[in-house]
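Student: Could you pick one part of this model and take a really close look at it for me? Then work outwards to whatever else is worth a look.

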Amino acid sequence: MNDTALTVHQTARPHGFPTAEHFTFVESPLPGPAPGSALVENLYWSVDPYHREMMDDVPGGFALDAPLEGRAIGRVIASRTPRLAEGEVVFHRQGWRTHSVVTPEEVRQLPRFEGVPLTAYLSTLGGTGLTAYVGLTRIARLQAGDDLFVSAAAGGVGTATGRFARLLGAGRLVGSAGSAAKAEHLVREVGYDAAFDYHDGPAADLLGKAAPDGIDLFVDNVGGEQLAAAVGALREFGRIVRIGTIGQYNTPDAPSPRFNYADIVEKSIRMEGFLVSNYRDVQDELYEFAVPHLQSGRLALDETVVDGFEHIVDAFLGMLRGENTGKIIVRDRTEAPSVH
């Protein structure tokens, strides 16, 4: 076991797109657990779009020159509480570091399902999958046969949304992505009926070609022009689920989307946003829904895995640039499968 720990700190506030210079790796002696806590050696880390929002000077955002928050999975290696046994694998939110000291209240002990890898608890079974599931079942109230449009459909939430919607009986699935290759992947691998590269023209035109008869639901991870296009394409009693605005995180001064606000009234459109942290009581329901499909192979994991904690900043910046397909996860090198 190493006797040192590595932690990522943010050193400055970005103006626009962040770079590696906004972060630093800090080495320190391995922390010891106080009575009532345990030391966790982290094995998997999640980097997420919301981390970009937290880099700004906002309430609840990252403090400068302090360890960053994030979802992680690790193994207890030293414990001073009977509630956390050495060797136990736990989920917690003290990521962006190789080792974390946690209390039992700060962790979730993970159920183990046969055939389901640990990475699933950061993707399909984690906050990413829970966001997609809550968005469809609680906010959109998806009905069988509903036609969907999903922006940033090749990302973690977008791929989970597409796969869950198909299992829940959705009608036509249309997605947008940042490249022709991703759009093709959505149709070939994820189960979308049509997908387009949003760089190829006005979003309203691209969506009109992909969904000529309109849509019932829009799951929005981007905002901007695609939100405006969706308002125009929605049918009567359409619903918009606002999950994120990744298209504007690095361009805060960009103008807000312009659309016909009368459509909201005349088509009885409902738009609602949510924070997945308010729906943690749905976690067990997600397990009940998704695990049997994972075990049967009907539901696949969409993950981009980066090996080595030293690459966590690169993985985060790559995710913001759209270099991943599905959920991006950083894996400790000891967990990488050996090649013979």
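Tutor: Here is a walk that starts at one helix and moves on to other parts.

First, some housekeeping: residues are numbered from 1 along each chain as its sequence is written, and side-chain values use heavy atoms, with hydrogens and water left out. The model is predicted, so local features need pLDDT of at least 70 and side-chain atom pairs count only at pLDDT 80 or more, while totals for chains, interfaces and linings use all residues.

Our part is helix 4, residues 180–190. Helices (H or I, at least four residues) and strands (E, at least two) are DSSP runs, numbered from the N terminus. In helix 4, Lys182, Ala183, His185, Leu186 and Val190 are buried. They sit on the same side of the helix, because they cover an arc of only 155 degrees around its axis. That arc is taken from the directions running from the helix axis to the C-beta atoms. The background is simple: an α-helix has 3.6 residues a turn, so residues three or four places apart point the same way. Buried means under 20% relative accessible area, exposed over 50%, and partly exposed in between (1.4 Å probe, protein chains only). On the face turned away from the buried side you'll find the exposed residues Ala180 and Ala181.

What does the buried side of helix 4 pack against? Its partners are helix 3 (156–167), strand 9 (173–177) and strand 10 (194–197), with contact meaning heavy atoms within 4.5 Å. Just after helix 4, Gly191 takes a positive phi of about 105 degrees.

Helix 3 also leads us to the cavity. A search of the whole structure finds 1 cavity of 30 Å³ or more. Here a cavity is a set of points on a 1 Å grid over the protein atoms alone where a 1.4 Å probe fits but cannot get out, and lining residues have an atom within 4 Å of a point. Grid points are joined across faces, edges and corners, and the volume is the space filled by probe spheres set on the points. The largest cavity holds about 50 Å³. Helix 3 gives the largest share of its lining, 3 residues. Lining residues include Gly156, Thr159, Ala160, Asp302 and Lys327. By class, the lining has 1 nonpolar, 6 polar and 2 charged residues; Ala, Val, Leu, Ile, Met, Phe, Trp, Tyr, Cys and Pro count as nonpolar, Asp, Glu, Lys and Arg as charged, and the others, Gly among them, as polar.

Now for a strand. Strand 11 (residues 215–220) has 6 of its 6 residues buried, so it is largely enclosed by the rest of the structure. Strand 8 (residues 148–150) runs parallel to strand 11, joined by 3 bridges; two strands pair if DSSP finds at least two bridges between them. Phe149 has Phe218 as its bridge partner in strand 11. Strand 11 also pairs with strand 12 (residues 234–242), again parallel, over 5 bridges, and there Val219 is partnered by Val241.

Helix 10 (residues 312–320) is mostly covered too, with 8 of its 9 residues buried, among them Ile312, Phe316 and Leu320. Helix 10 is followed by Gly322, whose phi is positive, near 80 degrees.

Last, a loop residue: Phe259 lies between helix 7 (246–249) and helix 8 (262–266). Phe259 is buried, with a relative accessible area of 17%. Leaving aside neighbours within four places in sequence, Phe259 is in contact with Ala228, Val231 and Ile264.

How values were computed
1 Å grid on protein atoms, 1.4 Å probe; cavity = no way out; pocket = protein on both sides within 12 Å on 5 of 7 lines; lining within 4 Å.
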